[in-house]
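Visitor: Please show me the sequence and the model. Then let us go through the packing.

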Amino acid sequence: MTKEQRHAVPDQREKPRKQVQHIFKVSHPSFGEWECNIRDLSLSGAFVEGRFVDIAPGETIYLTFTAGEPSPAEYRFSSAVVHVAADGIGLKFLSLDMDTYGALLDLTLQG
């Protein structure tokens, strides 16, 4: 399927994703922790850009981000890999507490 064909298919996600400009860290036992770009974000998942060698659907990846003013807080939560592509991985969020959910909501409402 070409990029144009993918854009022609309506988004069937329960919570639509939005492009964001925010620093996240991704971690997994196979590669440790590093900063990443999130191509799009929703309250239920995200697409993380990068080359993920030896990562397969079903594996658990942890995401960490800092948000909130005037005193920022750090949020860390688990996610499941649902899609692996040449340019990154699609994640479904697991175990979000109310504070993390609220911080993600603020990020998706920005811009």
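**Helix α2 and the core**

Guide: At the start of α2, a side-chain oxygen of D97 comes to within 3.2 Å of the backbone nitrogen of D99. That is a polar contact (a pair of N or O atoms within 3.5 Å, one able to donate a hydrogen and the other to accept it; residues adjacent in sequence count only if both atoms are side-chain atoms). This is a predicted model: local features need pLDDT of at least 70, side-chain atom pairs need 80 or more, and totals for chains, interfaces and linings use all residues. Residues are numbered from 1 along each chain, and side-chain values use heavy atoms, without hydrogens and water.

Visitor: What span should α2 have?

Guide: Helix α2 is a DSSP run (H or I, at least four residues; strands are E, at least two). It has twelve residues, 98-109, at 1.5 Å a residue. The expected span is 1.5 Å times one less than the number of residues. The end C-alpha atoms agree with the expected value, which is 16 Å.

Visitor: Which residues of α2 are buried, and which are exposed?

Guide: Buried means under 20% relative accessible area, exposed over 50% (1.4 Å probe, protein chains only). T100, A103, L104, L107 and T108 are buried. They cover an arc of only 140° (directions from the helix axis to the C-beta atoms), so they share one side of α2. On the other side, the exposed residues are M98, D99 and L109.

Visitor: Which strand gives the most to the largest nonpolar core?

Guide: This core (buried Ala, Val, Leu, Ile, Met, Phe, Trp, Tyr and Cys joined through side-chain atoms within 4.5 Å) has 24 residues. β1, β2, β3, β4, β5, β6 and α2 each supply at least two. With four residues, the top contributor is β4.
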